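Subject: Handover of a structure and the findings from it

Dear colleague,

Please find below the structure that I am handing over to you. My findings follow it, grouped by region.

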There are 2 protein chains.
Amino acid sequence: MTSTDAILQGDRLALARLLTQIENESLEGLATLAALYPHTGKAHLVGITGAPGTGKSTLVNQLAHHLRKRPTPGEDTPPRVGIVAVDPSSPFSGGAILGDRIRMRDLAGDPGVFIRSMASRGALGGLARATAAVGLALDAAGFQIILIETVGAGQAEVDIASNAHTTIVIEAPRMGDAIQANKAGILEIADILVVNKADIPGADNTVATLRMTLEMAGSANASMAVADRVGAGGDVSWEIPVLETVATKGEGIPELVDTLYAHKEYLTTSGGMELREGRRVRSQMESLLRDKLVDRFLEGQADGRFDDAVQMVLEREQSPAQAIEELLKGEKS
Amino acid sequence: MTSTDAILQGDRLALARLLTQIENESLEGLATLAALYPHTGKAHLVGITGAPGTGKSTLVNQLAHHLRKRPTPGEDTPPRVGIVAVDPSSPFSGGAILGDRIRMRDLAGDPGVFIRSMASRGALGGLARATAAVGLALDAAGFQIILIETVGAGQAEVDIASNAHTTIVIEAPRMGDAIQANKAGILEIADILVVNKADIPGADNTVATLRMTLEMAGSANASMAVADRVGAGGDVSWEIPVLETVATKGEGIPELVDTLYAHKEYLTTSGGMELREGRRVRSQMESLLRDKLVDRFLEGQADGRFDDAVQMVLEREQSPAQAIEELLKGEKS
């Protein structure tokens, strides 16, 4: 049996092997992924993001647990759930996230759950691309909901937003102006806001501040932003809800499951799903194109012309832009 | 007088105009920047990063204020200080950071300080590139210390690390495991660690945790990592210090100034400065090359072949990698 068939038939070992191949960018992995591609496009991709200390991993853990407890709306069985835990904050080390793995151990016995930790090696672009590829593999392997968890409050969030159908942003109760500073980013990527650790003092304040921020932006900006994101002309709209959870106790998680399904339903009826899918594929392909073009260019420069250009810039003989210009001219002629 | 001359002679208006041109990626701006390039390479680039809520802006403000209070070591006058406040958390809106501007108002009367806020428009790559260009412009304009402040706990930090000579990471007192989650990233990019808001309860814990983390990693990993970063063979080494500050009251800032100068001195004597400069220029040029190659490729595809490829991928007829492969083959022949 080919590894493609094995994965389509639910062979976990074959899937795990493919994911490793994807991480190593092996040609065999790419070939398998290409063969699997026609079988993808069925999964609901859910990005989950938040700063360190918000209890993200515990929440993802609990969310998977609760998703497995009841049938998908309209189906007889619970969804199969894939979890991809990404740590872009450690780009130089390339190690996996031991803490997450330990915390997720209690899900490991469930054959309807598949967990994969990924750490960045090199550029964030590479990580985003690998994450997208892992998502495709899990999709082909029949996981209907794929939870993609990332640490971070910067570009990683945005990359998730462009790679997920639904984005959940997790906040923890925080001091005053902290939320303020982050609100623009939140408004622009969150479909669902969760205030975790809702039982610690100050949580009410955080919830109130977030609701107020959404409301203030709401009537004008936010609804426009949402309309823009799901395409004009739809008369359905989505108001970003602010949920409260205590993930360590499982509190608020059933409501989060409901909201997640509601957003899926909303995306389907509003046409937002196709729009996001289109954006997702386009950004994925742009990133691939970028990398391939650079690879191809540098391969043709085996005589070290790029290194020479770097040296000239270091010696202030040319500006970076000039040097690149020269380099490209040289290649063209 | 050309704008190049005006900037070299300290004309703030000409400088401001150039920075706007850089942000807008105008050709005129690029030309001026190229003309200024031979006059760069003198500034000490300092990256300052930390999650929202750590009091970063106040600290940067205070740091600039204290830097201006006393002469640079070995000089008669205080350094001229440039501040670039970057907000990558708001990539879709492109607005400037009003809060930062207001907070920095009290520096605005000082002709030895120049402040610029930047928000991302589009990709982080674009922002990193624009930030690097703004740094060059301030360098040419004679600012000896350039403080580059970014929000974020993800890729943004890393981009700063590869674009700065010295990186300061700011933490605020936080709950237990929050620090843990982030420590790998911190160890890998920080030259100086600052626990701000050191007067609020829990600060001692945060400082102790950070010191312990550094110590545990210290004897083995960290010193290796540092050695790797500044080049092998040097018998000078740098131990990442953990400083405590209360930026709102200016407490601990003089010590931070001392530490900053000490790190500069260390970089100069260890050869680390050249190493970092080399890395910085290389990464900047790689990013430029990347963008230029994509632009050039897409220009040659005016018949919409890229759009067609996206469509085929959306219809699952080809995988993204296959589609890009085809696209590149087509261009070659």
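A word on terms before the findings: helices are DSSP runs of H or I with at least four residues, and they are numbered from the N terminus. Please bear in mind throughout that this is a predicted model.

Chain A overall

Chain A contains 13 helices and 7 strands. Of its 333 residues, 48% are buried. Among the contacts in chain A with a separation of 6 or more, 74% join residues 24 or more positions apart.

Helices α6 and α3 of chain A

Two residues of helix α6 in chain A deserve attention, A137(A) and R129(A). Which residues does A137(A) contact, leaving aside its neighbours within four places in sequence? They are L15(A), L18(A), L19(A), I22(A), L33(A) and L36(A). For one of these, L15(A), the C-alpha atom lies 7.5 Å from that of A137(A), although 122 residues separate the two in sequence. A137(A) has 28 other C-beta atoms within 10 Å and is therefore buried, the threshold being 20 or more.

L33(A) and L36(A), both contacts of A137(A), belong to the buried set of helix α3 (residues 27-36) of chain A, together with G29(A) and T32(A). These four lie on the same side of α3(A), because the arc they cover around the axis is only 100°. In general, an α-helix has 3.6 residues a turn, so residues three or four places apart point the same way.

R129(A), in α6 (residues 124-140), is likewise buried, with 22 other C-beta atoms within 10 Å. Beyond its neighbours within four places in sequence, R129(A) is in contact with S287(A) and L288(A). The C-alpha atoms of R129(A) and S287(A) are separated by 7.4 Å, and the two residues are 158 apart along the chain.

Packing of α4 and α10 in chain A

Two packed helices are described by the angle between their axes and the distance between the axes. For helix α4 (residues 56-67) and helix α10 (residues 253-270) of chain A, the axes come within 9 Å and cross at roughly 70°. The two helices are therefore roughly perpendicular to each other, a class that covers angles of 65 to 115 degrees. From α4(A), the residues involved are Q62(A), L63(A), H66(A) and L67(A); they meet I253(A), P254(A), L256(A) and V257(A) of α10(A). By class, this contact has 6 nonpolar and 2 polar residues, and no charged ones.

Helices α10 and α11 of chain B

How many ångströms should the 18 residues of helix α10 (residues 253-270) of chain B span at 1.5 Å a residue? The expected span is 26 Å, and the end C-alpha atoms are 25 Å apart, which agrees. The buried residues of α10(B) are I253(B), L256(B), L260(B), H263(B), L267(B) and S270(B). They share one side of α10(B), since they cover an arc of only 110° around the axis. G271(B), which follows α10(B), has a positive phi near 85°.

Helix α11 (residues 272-299) of chain B has 28 residues and an expected span of 40 Å; its end C-alpha atoms are 41 Å apart, which agrees. Its buried residues include G272(B), R276(B), V281(B), Q284(B) and L293(B). Q284(B) counts as buried because it has 24 C-beta neighbours inside 10 Å. Residues up to four places away in sequence not counted, Q284(B) touches P320(A) and A132(B). The C-alpha atom of Q284(B) is separated by 6.8 Å from that of R129(B), 155 residues apart along the chain.

Two positive phi values in loops of chain B

Two residues other than glycine should be noted for their backbone angles. K197(B) has a positive phi near 55° and sits in the loop between β6 (192-195) and α9 (203-230) of chain B. R316(B) has a positive phi of about 60° and is placed in the loop between α12 (305-314) and α13 (320-332) of chain B.

Which of these residues is buried and which exposed? K197(B) counts as buried, with 24 C-beta neighbours inside 10 Å. R316(B), by contrast, has 12 other C-beta atoms within 10 Å and is therefore exposed.

Yours sincerely

Methods. Residues numbered from 1 in each chain as written. Chains lettered and ligands numbered in written order. Predicted model: local features only at pLDDT ≥ 70, side-chain atom pairs only at ≥ 80, totals over all residues. Expected span 1.5 Å × (residues − 1). Arc of directions from axis to C-beta. Contact = placed C-beta atoms within 7 Å. Axes fitted to C-alpha atoms, helices over the stretch in contact; angles between N-to-C directions. Parallel < 35°, antiparallel > 145°, perpendicular 65-115°, else oblique. Nonpolar A, V, L, I, M, F, W, Y, C, P; charged D, E, K, R; others polar.
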